[in-house]
Amino acid sequence: MRYFNTEGICKPQVHYMVRLDDRLQEIRRLYIDRGKYFVINRGRQYGKTTTLTALADDLTDAYAVLPMDFQRISAAGFADEQAFSEKFIAYLERLYLQRDQLKEALCQDAVEALSAQKDHGNVSMDLLFAGLSRICATAKRPVVLIIDEVDSASGHEVFIEFLSQLRAYYLDRENSPIFHSVILAGVYDIKNLKRRIRPDREQRYNSPWNIAADFDMEMSFCAVQIQTMLEEYEADRHTGMQVSAVADEIYQYTSGYPYLVSAVCKMIDEKLQDTPLAPESGGAWTRQGVGEAVKMLLDKRLPLFDSMMRQISEYKNLKQMLYAMLFQGEVFAYNPDHPVIELACLFGYMKSSHKNVQVANRMFEMRLYNLFLSEEELSSSISRLAKRDRNQFIDQGRLDMYRVLEKFVEYFQDIYGSSDEKFREDSGRKLFLLYLKPIINGVGNYYIESQTRDAGRTDVIVDYTGEQFVIEMKIWRGNEYHERGEWQLAGYLEAYHLQTGYLLSFNFNKNKNPGIQEIRIGDKTIIEAVV
């Protein structure tokens, strides 16, 4: 049977995967058929190699395709022009011998002539491109060059010379035939290959490949695409899941990031499906099952998360920006010329949304919250108190959120009541999360509803053994603003099909009345805690 794959290339005959047919046809129509040279730069494990492999197979009916992976060329192969040219020719020879479609489409004499140049030694970049021009001129079909993992070459000057030659031949294609289309794929945008966004290096700009067309196709998956994948799985396995609802829940956590979509499905299928997670139809293929899979993945050392943590550790400005966004409600306008924003979007950790920048998906955000909170957990007095009193908040397996807020108000006043207002306003929401995390740790999930997060308001959604709690954290801005927030929360409860919600108000007026009270808004009950 097919299975969900998170390691390497996905193949539809072996793996459950989102079908790429429509995407391949769009790439072909908009870029390949028009003879474009372009770059696919996306974050790690974003499905670039799977897409390129499927595209190479799709194009063989009308094109001679040369699919290369520059990870197969060692560092020594980029030492100088001769070393690179020899490695490139040797790679082309292997492709020609292995692929019948190339033997049929390319002129054998032209290929052998280029091979002879390598065998004679002292081959240069000029001779390499002269030979490639002969191959393209004599080919029975237009030649398409695909190079994956170009980041492997991006630190070498010889690769810049390679791109410059591609550019020169592209501009003179009528007189000097060359590849019909060229695709380069990697994380970094090599249209500005010499740009260095590092604190210890001088920033330099160079555009050795400014002929590249903009590739702005969406490569993440929408909920409908995830649903079609799950429909194939359901047709084989007959779990009884509500396919549309499960697909939407997966999308809510992943925003369609290809690796995370597959990872969640794989976790449910291989780790949760045969466990008594949920008695209802669908077994683990439920909203609760998706949440459990997410929680398990967030506890793992996945290479994708490791890469994100490494970049955050290396780029201090990026870490400061993320902290300000998550805990202080700071809003940053999207600006592709800002090096920190460009870098984060390049890696796939952040994205542009409504002209502002935000964390790319809920799972990344949850992992970041865990990182920042863990860094402060050991020194946090309120976190230690939550760990000590954890059992008093759990009653017969259910979370008593009323009691959680009641004790938080008490501890906050005792520990931080005498702190200055700026500290309490900047740190209040972080302190509540530091308090909440050890209470639900290991059993429940929490995440922040990003659409409601700003300098004045943040909504926390807690999921504990299938029961949801909506907690709005709000900075006091006057009675009118506060009452409007109560009605906002009531409307939010309606969307979540809940009757009770929780409002945590940080009121720094000296005449405030800290404590907890119950408010009725229409048919909704709001438990308000004031600190």
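Here are some questions and answers on salt bridges and backbone angles in this predicted model.

Q: How many salt bridges does the structure hold?
A: A pair goes on the list when a side-chain nitrogen of Lys or Arg lies within 4 Å of a carboxyl oxygen of Asp or Glu. With that cut-off, the total for the structure comes to 24.

Q: Which residue forms a salt bridge with Asp119, and is Asp119 buried or exposed?
A: Start with the surroundings: Asp119 has a relative accessible area of 57%. Exposed means over 50%, so Asp119 goes in that class. The closest N and O atoms of its salt bridge are 3.1 Å apart, and the residue on the other side is Lys118.

Q: How far apart along helix α10 are Lys266 and Glu270, in helical turns?
A: These two side chains meet in a salt bridge, with 3.1 Å from N to O. Both sit in helix α10, which covers residues 258-272. They're four residues apart there, so the separation is about one helical turn.

Q: Which class does Lys266 fall in, buried or exposed, and what about Glu270?
A: The cut-off for buried is under 20% relative accessible area. Lys266 comes in at 17%, so it's buried. Glu270 has 42%, which puts it between the buried and exposed cut-offs and so makes it partly exposed.

Q: Which helices hold Lys430 and Glu376?
A: The side chains of Lys430 and Glu376 meet in a salt bridge at 2.9 Å, N to O. This pair links distant parts of the chain, 54 residues apart. Lys430 is in helix α18 (residues 421-440), and Glu376 is in helix α15 (residues 362-377).

Q: What is the relative accessible area of Lys430, and of Glu376?
A: Lys430 counts as buried, and Glu376 as partly exposed, because the buried class stops at 20%. The values are 10% for Lys430 and 23% for Glu376.

Q: Which residues are linked with Arg2 in a network of salt bridges?
A: Here we've got a network rather than a lone pair. Besides Arg2, its members are Arg19, Glu232 and Asp236.

Q: What is the phi of Gln396?
A: Gln396 is found in the loop between β9 (394-395) and β10 (398-399). Its relative accessibility is 79%, so it counts as exposed. Gln396 isn't a glycine, yet its phi is positive, near 55°.

Q: Where is His497, and what is its phi?
A: Look in the loop between α19 (479-495) and β14 (500-506). His497 is exposed there, with a relative accessible area of 72%. Although it's not a glycine, its phi is positive, at about 60°.

Notes. Residues are numbered from 1 along each chain as its sequence is written. This is a predicted model: local features need pLDDT of at least 70, side-chain atom pairs count only at pLDDT 80 or more; totals for chains, interfaces and linings use all residues. Side-chain values use heavy atoms; hydrogens and water are left out. Buried means under 20% relative accessible area, exposed over 50%, partly exposed in between (1.4 Å probe, protein chains only). Helices (H or I, at least four residues) and strands (E, at least two) are DSSP runs, numbered from the N terminus.
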